[in-house]
Amino acid sequence: MIGRAKAFLKRRWPRLRLRLILFAVLFFAAAMPGISAIFLRVYENTLVRQTEAELVAQGAALAAMAAVSWPGAPPPDPNPDRAKPGYYAPEPTTLDMRTAAVLPERPAPRFRGQAANPAALHVAKALDPVIERTVRTTLASVLILDEKGVVARGYGLGGDLSALAEVKTALAGRPRTVVRRSGDYRPSYAFEWLSRASGVRLHHARPIQVGDRIVGVVLLSRSPRALFRGLYEDRGKIILGVAGIFSILVLLSGLVSRGVTRPIEALSVASRDMATGQGAPPETPTTAALEIQALYGDFRAMAEAIDRRSSYLRDFAAAVSHEFKTPLAGIAGAVELLQDHGETMNPEDRRRFLDNAAADTARLSLLVTRLLDLARADMARPELNAATSLITPLRRAADAVASQTFRVDLRLPDTAPLVAVPEPTLDAVLGVLFQNSRQAGASLVTVSLRETSETIVALIGDDGPGVPGADRARLFEPFFTSRRTEGGTGLGLSIARSLLAANHGAIRFVESDIGAAFEVVLPRAR
């Protein structure tokens, strides 16, 4: 199913420019503060619950003071059993502005000509200084009702509030908090329509319990903390912050354009131009990001490598054409003579022409084989974790060419150095060098080793006639040979160089007082 979903998205994914993607990301990041304002209602709900918790705490304290001060109330237990289950009864908040019903404004008390209970009046008078000092800080409205819901302290003294839902619940012995509209609320700020808490008040009714009796009610009310009112008061700072965010967005867009999108577009144009054979690798922009600058450097290196490879292929094709042309011309001439004069030609001439055609065929076969070897060498890849001792390939190559007139002197150390080159590569390279020395007329080849921290250098020199100065610069060019008449193809050193380069090694000609000398540089095995 996941695979099908991915395939569906791939088929319908729009083609977007990098500039658009980066701008969308930056714009979304800049708009996040505005988007988060939608979720401020959650925070506002937290503020409402905090207001409810404050009313609950204040009501619990006043109800406890009233219960202790109530006439005829038994004295409090001097040693309460705090370990008794249910002794501590924390009261959770209950309001949720998303679901709470907003009741109408609290009506004025109804006067029925009855006075409040004298005990309630006595307690209200005793607590009045405490309540007065409390509301200075809490800003809450506090009423004290008797057991019938008649106001004993506060606005509407002597009036009846027993019909209120929260008062009924409190007279039944349970505290309750409700949300009611605020009658004196008038919208003053543009953002207040976003808030449900702007035009309401919280009303908390808490029973006063003496023993097992409910003797009265503490009724508190207060407006919740207004979130968006504060936001509106700070609108100047908010607008300034939004302007600053979008200014930074514009600056970042310009930075991204100069550092990423423009350089990539320029590189894309240069790629298309070079694909058609026009243009040149572009200069690296100084304002581009470091990774983009590195990409320009890699592109330039790739372009140079492709140019070198193209030149190599052109030269190689020309050389192959030249090398194949001579034997093919000889074969074609021999076939043509045999076709025209084969019947009248004497046997010796016929044999000579056939031998020439066979020799040219053998040379062509050798050229094809060596070309395949060169192609494999050019495409070779380093072998992972290769660790080969030089002693075994050196001895094997020396034994393969040794004769009465040709000898290899191996001057090797006691310990066998390990190189990160596979044995077949070493066999091929050493075989080419030893065979070249023997075919050049040398009678002795000397091999010595030199070690560095990173490489093993094998110095291979012979006592032959050496290499003429004019030929030394072309030694490693494909098809260059001074023994063409003897069957040389001029590919041996090219193959050796490619094999070594594929394994991070190298071969180079070095000056010598006698004969020819080469240095074979091999990486140490790690």
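This is a short dialogue on how to read the sheet, the strands, the pocket and the cavity of a predicted model.

Reader: Happy to start! How many helices and strands does the protein chain have?

Author: Welcome! The protein chain holds twelve helices and 13 strands. Among its 526 residues, 35% count as buried. Contacts tell us something too: of those with a separation of 6 or more, 70% join residues 24 or more positions apart.

Reader: Let us take a sheet. In what order do the five strands of the open sheet lie?

Author: To read a sheet, follow the strands from one edge to the other. Here the order is β8-β10-β11-β13-β12, and the pairing is mixed. The edges are β8 (407-411) and β12 (506-510), each of which pairs on one side only. On average, neighbouring strands of this sheet are turned by 20° against each other, direction ignored.

Reader: In which sense do β8 and β10 pair?

Author: Their pairing is parallel, and five bridges link β8 to β10 (residues 444-451). One place to look is Val408, which stands opposite Val445 in β10.

Reader: Is Val408 buried or exposed?

Author: The cut-off for buried is under 20% relative accessible area. Val408 has 14%, so this residue counts as buried. Its place is in strand β8. Beyond its neighbours within four places in sequence, Val408 is in contact with Ala398, Val401, Phe434, Val445 and Val447. You can also compare sequence with space: Val408 and Leu444 are 36 residues apart in sequence, and their C-alpha atoms are 5.7 Å apart.

Reader: Which helices should I look at beside this sheet?

Author: Try two of them. Helix α10 (residues 391-401) packs on the sheet and touches β8 and β10. The direction of α10 makes about 160° with that of β8. Helix α11 (residues 423-439) lies across β8, β10, β11 (455-462), β12 and β13 (517-523). Against β11, helix α11 runs at about 20°.

Reader: Now for empty space. How many cavities of 30 Å³ or more does a search of the whole structure find?

Author: The general idea comes first. Rolling a probe the size of a water molecule over the atoms shows where empty space is left. In this structure the search finds one cavity of 30 Å³ or more. The space in the largest cavity is about 40 Å³.

Reader: Which residues line the largest cavity?

Author: The lining is made of Leu390, Leu394, Leu426, Val429, Leu430, Ala458, Val520 and Leu522. By kind, these divide into eight nonpolar, no polar and no charged residues. Helix α11 appears again here, giving the largest share of the lining with three residues. Both α11 and β13 supply at least two residues each.

Reader: And the largest pocket: how much space lies in it?

Author: About 1,000 Å³ lies in the largest pocket. Its lining has 23 residues, and those nearest the centre are Ala64, Ala67, Val68, Tyr87 and Gln209. The elements that give two or more residues to this lining are α3 (40-69) and β5 (200-210). Of these, α3 gives the most, with five residues. Sorted by kind, the pocket lining has 16 nonpolar, three polar and four charged residues.

Reader: Why is β5 described as largely enclosed by the rest of the structure?

Author: Count its buried residues. Nine of the eleven residues of β5 are buried, so the strand is largely enclosed by the rest of the structure.

Reader: With which strands does β5 pair?

Author: One partner is β4 (residues 176-181), in the antiparallel sense over six bridges. Arg180 has Arg201 in β5 as its bridge partner. Another partner is β6 (residues 213-222), also antiparallel, over nine bridges. There, Leu202 stands opposite Arg222 in β6. The hairpin of β5 and β6 has two residues between the strands, and Gly211 in this hairpin takes a positive phi near 65°.

Reader: One last residue, then. Where is the place of Thr169?

Author: Thr169 sits in helix α5 (residues 165-171). With a relative accessible area of 12%, Thr169 is buried. Not counting residues up to four places away in sequence, Thr169 touches Arg174, Pro175 and Arg176.

Note on methods: Residues numbered from 1 in each chain as written. Predicted model: local features only at pLDDT ≥ 70, side-chain atom pairs only at ≥ 80, totals over all residues. Heavy atoms only, no water. Pairing = 2+ DSSP bridges. Helix = DSSP H or I, 4+ residues; strand = E, 2+ residues; numbered from the N terminus. Axes fitted to C-alpha atoms, helices over the stretch in contact; angles between N-to-C directions. Contact = heavy atoms within 4.5 Å. 1 Å grid on protein atoms, 1.4 Å probe; cavity = no way out; pocket = protein on both sides within 12 Å on 5 of 7 lines; lining within 4 Å. Points joined across faces, edges and corners; volume = space filled by probe spheres on them. Nonpolar A, V, L, I, M, F, W, Y, C, P; charged D, E, K, R; others polar. Buried < 20%, exposed > 50% of the residue type's maximum accessible area, 1.4 Å probe, protein only.
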